[in-house]
Number of protein chains: 2
Amino acid sequence: MPGPGGAGEFDTIHRLFAPLAHPEWGRGLRDDVAVLPSRPGYDLVLTKDAIVEGVHFLPGDPLDSVARKLLRVNLSDLAAKGATPFGYLLACHWSPRCGWGEREAFAQGLGVDQKLFGISLLGGDTVSTPGPASFSATMLGWVPKGRAVSRTGAAVGDFVFSTGVIGDGWLGLQAAKGLLSLGDDRHAALIEHYRVPSPRCEFAEAILQSASASADVSDGLIADLQHIAAASGIGVEIDLERLPLSAAAHAWQESRADAEACLVRLATGGDDYEIVFTARPAQEKNLRREAEHLHLRLSTLGRVVSGQGVTVRHGGRVVVIEKAGWTHG
Amino acid sequence: MPGPGGAGEFDTIHRLFAPLAHPEWGRGLRDDVAVLPSRPGYDLVLTKDAIVEGVHFLPGDPLDSVARKLLRVNLSDLAAKGATPFGYLLACHWSPRCGWGEREAFAQGLGVDQKLFGISLLGGDTVSTPGPASFSATMLGWVPKGRAVSRTGAAVGDFVFSTGVIGDGWLGLQAAKGLLSLGDDRHAALIEHYRVPSPRCEFAEAILQSASASADVSDGLIADLQHIAAASGIGVEIDLERLPLSAAAHAWQESRADAEACLVRLATGGDDYEIVFTARPAQEKNLRREAEHLHLRLSTLGRVVSGQGVTVRHGGRVVVIEKAGWTHG
């Protein structure tokens, strides 16, 4: 069944994707499989995230940015585990809007991020769907044997940290939907942040060295902290005043009546792809030095305590969070 | 965003999928990633196939059979490489028809085939889509280091073999669409064959020991042989009289005027998930003994010759094949 605009599976794979393939392990995308040698002393870390048009990206988003978002949401999972990515498998479920030009743009987006993150295509599948386009990637990385950082290692007394800023993912979605009125520059930057998030791969080594438990912020900061709390069997306390905000988020907050409600919205919005993690207090110095070296913002949000769940404070008072984060059904 | 019928991502993962997870490497599906130890002396073989409602399965197909088909089309790729499967990552793109009952059925189908094939769930993602449901799996297997059977090893003089029967995948699709009139029993068996194909995992060891080049029959026997011919830089000659047919395929052929056209249709229909492979003539004895031991039909279809492409003969005459197989755009 030839695809729309003559963009058949064969051409898509051999003209657009084969140049992106790992020279050895991808077998030129001609063998249905990838074959990966074992790497003694290392564990293989695998994650698989999917994105759907109308749910995780917008129908108007250019396909080069969709390809980059697909890679980046998966890279973010590996970064939070302290893993170094090297390759991925890809499934493209093309919708009728994905003609040859759109597929070329998609492949171009993959190529740009392959170079940026040092990864190559290992294999996958391309199919047509009458419905909205969707894509999934299985991202692979290495971590020294037994060292992958889980969600289970947080201990009472640990500090709670976050990289970067929180809330711009959600604000970017609002901007892309035309629901925000900010200055043009900020508007464009937020949309770009939503479309092409920045996974913190450069911080993976520091996570590996210093974090006790870690996750990436995809569902929402509070929801992802809840996952860490539940997995580690501890409680977490954070202060909303410490939430790291961008200038755009500050401007948005100042334009609204209820500052606390704004902070809650940003802390539950999701799609940030920062790393939220816990570490022993003795690790803070190393972490800050490494973050400074990378020009990466690093914020202390609170502490790990005995108990369970996430307690959120603002101005010293406990804030009741009704919906901790976003889940994709 | 809660899914339809209250079937949210959290419940789907933790109530339905977590019981299917690999006890160690899957991390209880609570960590966004799978972590796999290296296995010295072995290569990891990975494949990733996607299936879409209305394209690879029918809107009326029960979801337990859809889950099994998803695993089996991926298992088939590994079997053709001589690899032994052990686990998979899964992406479910649920459509509005996938309420809790359908998701339960899907998980049940996974569970049945996990036991049959000795595999476990390692991780993945579950998302909602307003469009047709689709699913992809990344299947993982082991093969002794350097031994994965590729498409590139066919040499002039090799025999061309196929396991099982060819054409029942396509006939099954016609039956499922109500386009065939055969006896009730045959009708039901063909539909079942289309819905739940039988990947030849039990023959993977024989492929590993004896095949020079190998592929599974997904696009269509002739198309998949063309891939082997192109990758190996040789030509292939097959005789349509040798095409292994089921009793149902024989009955269908007898009901039609043009026997040759029927054979061509069966050899190009695809969705068979048998293994088509080449081997040195000296390997035939081992292969037949192993196939007999497994009660698996093994047919010699032709020979590898110098030249290129696939030459198809019937009654000694060359048959021109206009469309070698099915491609999913």
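This is a tour of a predicted model with two chains, A and B, taken one selection at a time.

**Stop 1: both chains**

Colour chains A and B separately. Two copies of a chain are related by a rotation about an axis and a shift along it. Here, chain B is superposed on chain A by a rotation of 180° with 0.0 Å of shift along the axis, and the RMSD is 0.0 Å. That is the relation of a two-fold axis. To find where the axis passes, select Gly131(B): among the residues of chain B, Gly131(B) comes closest to the rotation axis, with its C-alpha at 2.2 Å. Both copies use the same surface, and 100% of the contact residues of chain B recur in chain A.

**Stop 2: where the chains meet**

How many residues does each chain give to the contact? Chain A gives 60 residues and chain B gives 59 residues. On chain B, select the elements that give two or more residues to the side touching chain A: helix H1 (9-17), strand E1 (34-37), strand E2 (42-52), helix H2 (63-80), strand E3 (84-94), strand E4 (120-128) and strand E5 (134-144). E2(B) gives the most to this side, with ten residues. Sorted by class, the side of chain B that touches chain A has 28 nonpolar, 18 polar and 13 charged residues.

Now show strand E2 (residues 42-52) of chain A together with E1(B). The two strands run antiparallel and are joined by four bridges. For one pair to look at, select Leu46(A), which stands opposite Ala34(B) in E1(B).

**Stop 3: the two domains of chain A**

Hide chain B. The domain assignment splits chain A into domain 1 (4-144) and domain 2 (159-319). The centres of these two domains of chain A, taken over C-alpha atoms, are separated by 27 Å. In the contact between them, 19 residues of domain 1 of chain A meet 17 residues of domain 2 of chain A. On the domain 1 side, helix H2 (63-80) and strand E3 (84-94) of chain A each supply at least two residues. Which element has the largest share of that side? The answer is H2(A), with ten residues. This side of domain 1 of chain A has nine nonpolar, four polar and six charged residues.

**Stop 4: a sheet in chain B**

Bring chain B back and hide chain A. Select the seven strands that form an open sheet in the order E7-E9-E6-E10-E8-E11-E12 (chain B), with mixed pairing. Strand E7 (213-216) and strand E12 (317-319) of chain B are the edge strands, each pairing on one side only. On average, neighbouring strands of this sheet are turned by 30° against each other, direction ignored.

Next, add two helices. H2(B) lies across E7 and strand E9 (275-279) of chain B, and runs at about 175° to E7(B). Helix H7 (residues 221-232) of chain B lies across strand E6 (159-163), E7, strand E8 (235-239), E9 and E11 of chain B, and runs at about 135° to E11(B).

**Stop 5: a hairpin in chain A**

Return to chain A and select strand E8 (residues 235-239) and strand E11 (residues 309-314), which pair in the parallel sense over five bridges. Gly235(A) stands opposite Gly309(A) in E11(A). Then add strand E12 (residues 317-319) of chain A, which runs antiparallel to E11(A) and is joined to E11(A) by three bridges. Arg313(A) has Val318(A) in E12(A) as its bridge partner. The hairpin of E11(A) and E12(A) has two residues between the strands, and Gly315(A) takes a positive phi near 60° there.

Note on methods. Residues numbered from 1 in each chain as written. Chains lettered and ligands numbered in written order. Predicted model: local features only at pLDDT ≥ 70, side-chain atom pairs only at ≥ 80, totals over all residues. Contact = placed C-beta atoms within 7 Å. Nonpolar A, V, L, I, M, F, W, Y, C, P; charged D, E, K, R; others polar. Pairing = 2+ DSSP bridges. Least-squares fit on C-alpha atoms with pLDDT ≥ 70 in both. Domains from an automatic or database assignment. Axes fitted to C-alpha atoms, helices over the stretch in contact; angles between N-to-C directions.
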